[in-house]
Amino acid sequence: MKILLVEDEEKIARYITKALTAEGHKVETLYKGDEGLKAATTRPFDIILLDLALPGCDGIEILRAIPSGP
């Protein structure tokens, strides 16, 4: 699976990324809300994991901006 992880705590992001890649997933890890917003709205992901409190914009804003499926 292709997973987007947006988490501003670097230690937590590294731990989650390591665990998911060990299971064979491809993980794109970003640390700022505005970067996550751009990625989530311009590239396809199977799963998006978001921190709710992010610099730039929060996880709820990112969720609202993601286009819904067909």
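## Exercises on a predicted chain

Of the 70 residues of the protein chain, 30% count as buried (under 20% relative accessible area; exposed is over 50%, partly exposed in between; 1.4 Å probe, protein chains only). This is a predicted model: local features need pLDDT of at least 70, side-chain atom pairs need 80 or more, and totals for chains, interfaces and linings use all residues. Residues are numbered from 1 along each chain as its sequence is written, and side-chain values use heavy atoms, without hydrogens and water.

**Exercise 1.** State the order of the elements in the protein chain.

*Solution.* Start with the count: three helices and three strands. Helices (H or I, at least four residues) and strands (E, at least two) are DSSP runs, numbered from the N terminus. Then read from the N terminus: β-α-β-α-β-α.

**Exercise 2.** Test the protein chain against the radius of gyration of a compact globule.

*Solution.* The radius is taken over C-alpha atoms; the rule is 2.2 Å times the number of residues to the power 0.38. For 70 residues the rule gives near 11 Å. The protein chain has 11 Å, so the two agree. Next, the extents: the C-alpha trace spans about 30 × 30 × 15 Å along its principal axes.

**Exercise 3.** Classify Ile 47 as buried, partly exposed or exposed, and place it in the fold.

*Solution.* Locate Ile 47 in strand β3, residues 47-50. Its relative accessibility is 32%, so Ile 47 counts as partly exposed.

**Exercise 4.** Find the share of long-range contacts in the protein chain.

*Solution.* Contact means heavy atoms within 4.5 Å. Take contacts between residues at least 6 apart in sequence; 56% of them join residues at least 24 apart.
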